[in-house]
Structure formats: C-alpha cells, structure tokens
Amino acid sequence: MRRWVFAGVVLGAAIAAPVGPVAAADDCCKAALAPPAAAATTAVLAAAALVDHRGRSVSLPDGRPWVLTFFYGHCPDVCPTMIYNVADVASALPAAVRQKVGFGAISFDHARDTVPRLAEYAENFELRGDHHYLMTGEPQTLARVFTAFKFDYKPDRNGGYQHTTLTAVMDGQGRILHHFYGLRPDIERIAVIVKDLAGG
C-alpha cells in the first residue's frame, strides 16, 4: 500500500472512485470537469519552454515520446493518483525503453507550485529517476500547453480546483496522439503505445 505525503497530507490506500471521464473525489476536486469532445484532427504542441522540479529547463517537444498529466500541489488525492498513474506507466516499461521517454506532470497552480515546492513533491512521491518530471512555467506558456492538450480547470470556492482528469501521450514531434480520461486509465495499453513510439 502506498503512503502519500502531499502538501502536508498523509493518505493511505488507493481511492475507490468510479471509472470514467468524470471522477467524484474530495472537497477540493469534487466536481471534476467533463472531458472535451474528441478532436477531429491530432493536436500539436508548438515549442514550449518549461522548468522542472530540479530547476532545469525542459523544452516540449524534445524528440522523445511523453506521458503527461496535469496537477496542483494542494490537491490531496486526485492529483496524486494521476501522478502515480504516470509513474506506473514508467514502471511497466523495460529500463531501456524508459530512458527514451519523458514522464511528467505539469502544474496548473503557477503561484503556489514553485520549483522548490515541486522538488518537495518529487521527493514525497519518490520520483527520483531522470525520466520523471514535475513541471511549471510562465502563465502564458502554460495556457498554450493546456489549450493544445485540451486540458481545462477552474478554481472552486475552497482554494482548490475542478479539473479534467487527463493522461495524455505525445510523440517526439509534439503530436498529441492519445487522451485517457479518468482516475484509472489503462496503464498496460499506454505502456504498449509508448513502447511502440520509442522504438522498443
């Protein structure tokens, strides 16, 4: 059983949540936003300069496939689940493939999720591999990233957010190829897709 330490909250076992695009959760994320309608064409992320929890610059796309999700650090359960899902995809891949792929979570709470805070979260989640990234960036850049991924969020009345529960796969050229909605995406399917993209 995982023990989650996130934003000062210690949580126990996995969440019992309905499978599907809209997940009921705690008070801060209670009304997750419904996913958008499927796009007719594949979206492409133009060059976006972000920074990771190590304080290093990250340019997306960067020639690697990426598995990405979106989070904010004060969320006590939905966002940790999303981050662990991405880490589970990494664990499902052979080490040789894993090193060719980026596994990341991009914060949409720019004001609170500073680089030092991201570093704390990475340590709490035991995200110590070079292929794991918790990221932030300038608000205009983040807005462009969220638009490309069709990710949506809005503040609630309790200092939290309602947001889309999205895990996405992007290829090395920035083409956003797959969206997986909900708290329990098909980890094995995502791993197969990523392995093919990485040439593994």
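Trainee: Which residues does Thr141 touch, not counting residues up to four places away in sequence?

Mentor: Keep in mind that this is a predicted model. Thr141 is found in helix H4, and its relative accessible area is 16%. With sequence neighbours up to four places away left out, the residues that Thr141 touches are Ala48, Ala49 and Leu50.

Trainee: Is Thr141 buried or exposed?

Mentor: The cut-off for a buried residue is under 20% relative accessible area. Thr141 has a relative accessible area of 16%, so this residue counts as buried.

Trainee: How many helices and strands does the chain have, and what share of its residues is buried?

Mentor: The chain is made of 200 residues. Its helices number five and its strands 12. The share of buried residues is 50%.

Trainee: What part of the contacts with a separation of 6 or more joins residues 24 or more positions apart?

Mentor: Take the contacts in the chain with a separation of 6 or more as the total. Residues 24 or more positions apart then account for a share of 71%.

Trainee: How many salt bridges does the structure hold, and which residue pairs with Asp52?

Mentor: Side chains of opposite charge can pair when their charged atoms come close. The structure holds six salt bridges. In one of them, N and O are 2.8 Å apart, within the 4 Å limit, so Asp52 has a salt-bridge partner, and that partner is Arg54.

Trainee: Which residue of the Asp52 and Arg54 pair is buried, and which is partly exposed?

Mentor: The relative accessible area of Arg54 is 27%, whereas that of Asp52 is 1%. Buried means under 20%, and partly exposed runs from there to 50%. Therefore the buried residue is Asp52, and the partly exposed one is Arg54.

Trainee: Over the face of which ring does Arg54 lie?

Mentor: Besides its salt bridge with Asp52, Arg54 has a ring beside it to consider. The distance to the ring centre is 5.1 Å. The ring belongs to Tyr133.

Trainee: Which residue forms a salt bridge with Asp171, and is Asp171 buried or exposed?

Mentor: The closest N and O atoms of this salt bridge are 2.5 Å apart, and the partner of Asp171 is Arg175. Arg175 is partly exposed at 41%. Asp171 has a relative accessibility of 2%, so it falls under the 20% cut-off and counts as buried.

Trainee: What is the relative accessible area of Arg64, which bonds to Asp62 in a salt bridge?

Mentor: Arg64 and Asp62 bring their closest N and O atoms to 2.9 Å. Asp62 counts as partly exposed at 34%. Arg64 counts as buried because its relative accessible area is under 20%, the value being 19%.

Trainee: How are the rings of Phe70 and Phe146 arranged?

Mentor: A pair of aromatic rings is described by the distance of the centres and the angle of the planes. The count of aromatic pairs comes to 15. For Phe70 and Phe146 the centres are 5.8 Å apart and the planes are at 80 degrees. An angle over 60 degrees sets the type, so the pair is edge-to-face.

Trainee: How many residues apart are Phe70 and Phe146, and where do they lie?

Mentor: Both Phe70 and Phe146 are buried. Phe70 sits in strand S6 (residues 66–71) and Phe146 in helix H4 (residues 139–149), so the pair links distant parts of the chain. Their separation in sequence is 76 residues.

Trainee: Which residues do ring pairs link into a cluster?

Mentor: Phe70 and Phe146 belong to this cluster. The cluster also holds Tyr153, which is partly exposed at 29%, and Tyr161, which is buried at 13%. The full list is Phe70, Tyr72, Phe108, Phe146, Phe149, Phe151, Tyr153 and Tyr161.

Trainee: The backbone oxygen of which residue lies 3.0 Å from a polar atom of the side chain of His179?

Mentor: His179 is placed in strand S12 (residues 175–181) and is partly exposed at 31%. Not counting residues up to four places away in sequence, His179 touches Leu166, Thr167 and Ala168, among others. The backbone oxygen at 3.0 Å from its side chain belongs to Phe149.

Trainee: How far apart in space are the C-alpha atoms of Pro80 and Tyr121?

Mentor: Pro80 lies in helix H1 (residues 78–91) and counts as buried at 0%. Pro80 and Tyr121 are 41 residues apart in sequence. From C-alpha to C-alpha, the distance is 9.6 Å.

Definitions and conventions. Residues are numbered from 1 along each chain as its sequence is written. This is a predicted model: local features need pLDDT of at least 70, side-chain atom pairs count only at pLDDT 80 or more; totals for chains, interfaces and linings use all residues. Side-chain values use heavy atoms; hydrogens and water are left out. A salt bridge is a side-chain nitrogen of Lys or Arg within 4 Å of a carboxyl oxygen of Asp or Glu. Buried means under 20% relative accessible area, exposed over 50%, partly exposed in between (1.4 Å probe, protein chains only). Rings of Phe, Tyr and Trp (its six-membered ring) pair if their centres lie within 6.5 Å; planes under 30 degrees apart count as stacked, over 60 as edge-to-face and the rest as tilted. Helices (H or I, at least four residues) and strands (E, at least two) are DSSP runs, numbered from the N terminus. A charge sits over a ring if NZ of Lys or CZ of Arg is within 6 Å of the ring centre and within 35 degrees of the ring normal. Contact means heavy atoms within 4.5 Å. A polar contact is a pair of N or O atoms within 3.5 Å; within protein, one must be able to donate a hydrogen and the other to accept it, and residues adjacent in sequence count only if both atoms are side-chain atoms.
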